[in-house]
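Let's take a walk through the open and enclosed spaces of this protein, and then see how its ligand is held.

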Amino acid sequence: MKFTSTRSAQDFTSAAAITRGIAADGGLFVPCEFPQISYEELLKLADMDYIGRAKAVLKLYLTDYTEEELDFCVRGAYSNTFDKNIPAPLATVNGNTEMLELWHGPTCAFKDMALQLLPFLLVKAANKTVPGRTIVILVATSGDTGKAALAGFADVPNTRIVVFFPENGVSDMQKLQMITQTGNNVSVCGIKGNFDDAQSGVKKIFTDNAIRQQLEAKNMEFSSANSINFGRLVPQIVYYVSAACDLIKSGKLAAGDKFNVAVPTGNFGDILAAYYAKQMGIPIDKLICASNRNNVLSDFLATGVYDRNREFYTTSSPSMDILISSNLERMIYHAAGNDAELTARLMKDLAEKGRYELPKEVLEKLQSEFFGGYCDEEGTQKTILNLFKEYNYLADTHTAVAANVLEQYRKATDDDRLTVVASTASPYKFASAVLPALSNSAIPTDGFEQLQQLSALTNTPVPAPLAGLKGCEVLHKNCIEKDNMAEFVLNFLA
Ligand SMILES: *Cc1c(COP(=O)(O)O)cnc(C)c1O
């Protein structure tokens, strides 16, 4: 399997693509083809556990890793790190809706699915491509990636990690999770700006040749743990394959049947992984792309115009408060028939004008695969209440956005096919927004009291990783201007 860039023809192995994170031309690494999983193979995978399924999917893309290496990586990532050793269980909501719960890992959000595995993949990749070098991970986070990456990389030999988060753009729990992070190779820093500022700042550092050379002189090399790294994407394909396996096992998906997928979307990584699974032959039909009030994606899917020149809103689903959806670049490349020239031109427009417009035939291709919709704050609250009252399902704010847009889709199309909804975070991670949806009582200001109140109200347990934050020492107190990110990184590495 070879990897190329979305902006020009390149020839990379998977290890090289994972080590670098982003291509030198600013594009993202994509596989040159989609390997196939037949229905017969899917039946075989259905009899395996998550680790077996993950190895089977990974080996189709990471052909320069040995079976032993993949076995080591996958076991390290998914043994004893997720509740009951079931990383991605399905929970039935009703006859045609299943929640794919991706938040049973150490940081209670779906980012763990990829970020428990990425450090293993990356360390092996670096050993193959740049032996002896220290890998410096730079992360821009809208809240969940930061903690999941810290949890994955803390004290991993030959790595350092720096996480930037928008000082006022993450939930209290998310912030506390990050600023209490231990580890001798970690650094965490707030910036005065929003997620897009953090992401642009990190991208700028990555592509700055002078900085890259300074690192090389120290025998260091940057890589990315953001979902632009293909090493983040491939573990996410696994759970859609695994969901299909579980549906087959439970008799809900027969030979020849298809299911829809609904995903709360920000950077387009999670839903892109579902598209990849579909391209590999997993029987997925429609991909329902759900946005919050920052609805740049639903506008884009309706009109073909991507326009980030709009107001930015801080919402109760902060991990989707994004106006530059970076993985969309991969989707455009594929939808345009692997057209790097077109993709490069559109991304140049985005960088220079904050806007681009798709050719009509590419838009039609996207519209045949995706339904885009969005849900405001009131809709999010109503959906949380309805899911709990009607179906006894306690959803977080992000998951509720997806459930709401799924409902819109069903009304608009009469397509009530079986749908798997990506349930992306524990409701306890966003207790301050989930509580008012369920009850009119006063919400405690203290985050830990909120957890207790939610638990008492819903008769569900507080996840141990969140309860355990109480009393942890705050270790990271930096907050900087967004223009000082490079300086901060170089100081940390000095
Ligand atoms: C990151 C995140 C999302 C959005 O996922 P993308 O891959 O960025 O589209 C949705 N929900 C939660 C809880 C997240 O942490």
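Sort the lining of the second largest pocket by class and you get 16 nonpolar, 7 polar and 3 charged residues. That makes 26 lining residues in this predicted model, with Asp83, Glu101, Trp103, His104 and Pro461 nearest the centre of the pocket. Strand E3 (90-94) and helix H21 (464-467) are the elements that give two or more residues to this lining. The space inside comes to about 570 Å³.

Now over to the largest pocket, which holds about 740 Å³ of space. Its lining counts 30 residues, and Gln199, Ser200, Gly201, Lys203 and Lys204 are the closest to its centre. Four helices each give two or more residues to the lining: H9 (195-206), H14 (328-335), H15 (340-353) and H22 (485-493). The largest share is from H9, with 8 residues. By class, this lining splits into 12 nonpolar, 8 polar and 10 charged residues.

So much for the pockets; where does the ligand sit? Look in the largest cavity. There, 15 residues surround the ligand, and the closest are Lys111, Asp144, Gly266, Asn267 and Thr424. This shell is made up of 5 nonpolar, 7 polar and 3 charged residues.

A few polar atom pairs are worth picking out on screen. Polar backbone atoms of glycine 269 and aspartate 270 each face a ligand oxygen atom, at 3.2 Å for glycine 269 and 2.9 Å for aspartate 270. With threonine 424, a polar side-chain atom lies 2.9 Å from a nitrogen atom of the ligand. Taken on its own, the ligand has 380 Å² of accessible area, and the protein covers 98% of it.

Definitions and conventions. Residues numbered from 1 in each chain as written. Predicted model: local features only at pLDDT ≥ 70, side-chain atom pairs only at ≥ 80, totals over all residues. Heavy atoms only, no water. Near = heavy atom within 4 Å. Polar contact = N/O pair within 3.5 Å; in protein donor to acceptor, adjacent residues only side chain to side chain. Areas by Shrake-Rupley, 256 points an atom, 1.4 Å probe, with all protein chains shown as cover. 1 Å grid on protein atoms, 1.4 Å probe; cavity = no way out; pocket = protein on both sides within 12 Å on 5 of 7 lines; lining within 4 Å. Sits in = over half its atoms within 2 Å of the grid points. Nonpolar A, V, L, I, M, F, W, Y, C, P; charged D, E, K, R; others polar. Points joined across faces, edges and corners; volume = space filled by probe spheres on them.
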